[in-house]
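Please load the complex in your viewer, colour it by chain, and keep the selection panel open. The tour below moves from one selection to the next and says what is found at each stop.

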Amino acid sequence: MLKEPLSFLLTIEGEKVVDSVLRFGYVHRGIERICQNRNYVQNVHVVGRVCGICSHVHTTTYCQGVEALLGLQVPPQALYLRTLLCELERIHSHLLWLGVLAENVGFTTIFMYAWRDREIALDIVDELSGGRVAHTINVIGGVRIDVSEGQVDTMLARLDELEQRIETLLGVIQHEHTFQVRTRGVGHLSAEQVRRYCVVGPIARASGVDVDLRRDAPYAAYDQLDFRVITTEEGDVWARTMVRVQETIESLRLCRQLLAGLPGGPTSVRARLRVPPGEVVSRAEAPRGEVIYYIRSDGSDRPARVKIRTPTLPALITIPDQLRDVNTADVPAVLAGIDLCIACVDR
Amino acid sequence: MFVEAILQVLREIFPTETIEVQAVPIDESFIALPPNCIHHATEMLVDRFDLRHLSTITGQDTGSAIELLYHFWDGGGLTLRTSLPRNEPHIETLTDLIPGAALYEREVCEMLGVTFDGHPDPRPLLLPDNWDKKQFPMKIDHQNNRLPGQATD
């Protein structure tokens with residue numbers, strides 16, 4: 001099951017779930033308030049701790065907001081490296097999720113393989129940044145890392161290996177009858193429900209709602225890249241699996257494009273510590289969907305308000321709908337299918 | 001650009017209000033409205049522009065008022081801004097138009113003490129069960145006793 005602090009109160013009739021009540025907030029750290037007491041530079045490290053899996057997308061969204069307030073032009077090399085880390089993060093997040101789902105439906109082999117293969121992505125991240133998950137490569141005005149040509153070559157070789165492994169995983173999943181029985185028709189959400197509840201990310205795309213901020217509102221270097229947005233119509237856990245695994249392969253393609261097109265040059269520009277008064281809304285596509293930051297500056301060295309909305313929050317509101325009338329044994333599959341990140345929700 | 005069209009309709013349905021657009025970096029427009037217009041304006045956004053994606057609701061205490069920002073998104077950002085009095089702030093819920101607003105409203109409610117009239121389930125969202133219900137941690141005068149004191153020599 002999930003290894004995160006979240007409480008479900010399920011009402012059951014026989015084997016069917018009739019109703020469910022959620023309670024969360026067990027890891028609420030008050031990060032929005034903490035941000036008001038730290039300066040803009042310190043806050044990069046604070047918002048990197050919102051999530052333990054997609055920490056990079058949080059610092060990216062925060063930094064691009066502050067950079068917009070400062071009116072900074074970030075060098076292209078920095079934007080490429082940011083995007084590269086975003087995609088590597090998506091790869092390891094989706095593989096982690098695939099492992100969790102497989103374990104929850106009793107397919108331990110895929111769990112082991114997915115988490116083993118995730119290590120390749122983590123090794124690349126580790127080599128680039130010095131950290132496996134909490135790496136904070138962003139600074140206001142760019143990134144703090146650069147890559148050498150030798151590193152590009154080893155990364156490309158590892159990406160090839162990873163792609164082969166993911167293709168193998170995809171082949172196994174697609175032809176595994178038991179896996180299909182456990183996931184098809186389970187946790188169904190229609191496109192209408194997705195839009196009613198403002199759900200974002202792979203869950204929305206698996207229900208046929210074609211949204212992806214990387215394409216719709218390109219940030220960092222996404223406007224210079226060529227990629228497909230994967231959507232399916234079924235809207236069940238099976239569809240979400242297909243969307244996420246194919247997105248992982250698409251992300252690998254993006255990584256190759258980024259490495260081939262690295263523009264070189266400086267990786268950061270100098271940023272002032274005091275930010276002129278103003279407001280900004282910054283959005284980015286995290287592995288789980290749209291992340292939004294609202295930042296208000298009053299002209300001092302610390303923000304007057306930082307509001308963070310993570311993609312799991314709107315997904316939580318769909319849980320009672322998804323769990324209604326499912327078998328008790330399918331509850332873990334439904335919950336895993338959402339790709340919950342409770343630390344993100346609680347902040 | 002869809003903001004222009006929305007602005008035109010807003011000026012038609014609220015002829016007595018002066019409605020201005022504020023451009024914000026990264027493709028976002030802020031439109032300020034009085035609190036009693038927010039529900040009607042959202043109804044119009046949903047019905048006429050099919051703008052149903054509410055990204056979140058930001059609540060902030062500016063010292064003189066409680067500000068609510070409704071961040072919508074449909075290929076571009078649109079934010080409706082409104083100001084409530086700091087003393088017993090309340091506003092009509094949007095959950096009847098956009099069910100996805102339920103959790104955002106609950107968070108603003110417990111953090112800033114804003115009452116959303118007609119919210120189907122206004123329980124606290126994130127704070128502990130034994131939290132003092134009269135304390136609102138995002139208000140600027142909230143005292144956090146657990147912060148370490150200032151260092152002295």
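## Where the two chains meet

Begin by selecting the contact between the chains, to which chain B contributes 27 residues and chain A contributes 29 residues. On the side of chain B that touches chain A, the elements giving two or more residues are E3, E4, E5 and H3 of chain B, and E3(B) gives the most, with five residues. Colouring that side of chain B by residue class should show 14 nonpolar, 10 polar and three charged residues. Bear in mind throughout that this is a predicted model, for which the predictor gives the complex an ipTM of 0.85 and a pTM of 0.89; chain B averages a pLDDT of 83, with 93% of its residues scoring at least 70.

## The sheet of chain B

Next, hide chain A and display the strands of chain B, five of which form an open sheet in the order E1-E2-E5-E4-E3, with mixed pairing. Strand E1 (21–24) and strand E3 (54–61) of chain B each have a single partner strand, so they stand at the edges and one side of each is left without a neighbour in the sheet. From one strand to the next, the twist averages 25°.

Select E3(B) together with strand E4 (residues 66–73) of chain B, and you will find an antiparallel pair joined over seven bridges, in which Leu54(B) stands opposite Phe72(B) of E4(B). Keep Phe72(B) highlighted and add E5(B), where Leu78(B) stands opposite Phe72(B). E4(B) and E5(B) run antiparallel and are joined by eight bridges; they form a hairpin with three residues between them, and Gly75(B) in the turn has a positive phi of about 75°.

Then move to the other partner of E5(B) by selecting E2(B), which pairs with E5(B) in the parallel sense over five bridges. Here the bridge partner of Glu28(B) is Gly77(B) in E5(B).

Now bring back the helices of chain B. Helix H1 (residues 2–13) of chain B lies across E1, strand E2 (28–32) and strand E5 (77–84) of chain B, and runs at about 10° to E2(B). Helix H3 (residues 102–112) of chain B lies across E3 and E4 of chain B, running at about 10° to E3(B).

## Over to chain A

Show chain A by itself, in which there are 15 helices and seven strands. Its C-alpha trace spans about 65 × 45 × 30 Å along the principal axes. Chain A has a radius of gyration of 20 Å, which agrees with the value near 20 Å that a compact globule of 347 residues would have. Buried residues make up 52% of the 347 residues in chain A, and among contacts between residues at least 6 apart in sequence, 74% join residues at least 24 apart.

For a last stop, select the three strands of chain A that form an open antiparallel sheet in the order E5-E6-E7. Strand E5 (278–286) and strand E7 (305–309) of chain A are at the edges, each with a single partner strand, so one side of each has no neighbour in the sheet. Direction ignored, neighbouring strands of this sheet are turned by 10° against each other on average. Nine bridges join E5(A) to strand E6 (residues 289–297) of chain A, the two running antiparallel, and Val281(A) stands opposite Tyr294(A) in E6(A). Finally, add helix H3 (residues 55–70) of chain A, which lies across E5 and E6 of chain A and runs at about 150° to E5(A).

Definitions and conventions:
Residues numbered from 1 in each chain as written. Chains lettered and ligands numbered in written order. Predicted model: local features only at pLDDT ≥ 70, side-chain atom pairs only at ≥ 80, totals over all residues. Helix = DSSP H or I, 4+ residues; strand = E, 2+ residues; numbered from the N terminus. Rg over C-alpha atoms; globule rule 2.2 N^0.38 Å. Buried ≥ 20, exposed ≤ 12 C-beta atoms within 10 Å, placed from the backbone. Contact = placed C-beta atoms within 7 Å. Pairing = 2+ DSSP bridges. Axes fitted to C-alpha atoms, helices over the stretch in contact; angles between N-to-C directions. Nonpolar A, V, L, I, M, F, W, Y, C, P; charged D, E, K, R; others polar. pLDDT = per-residue confidence, 0-100.
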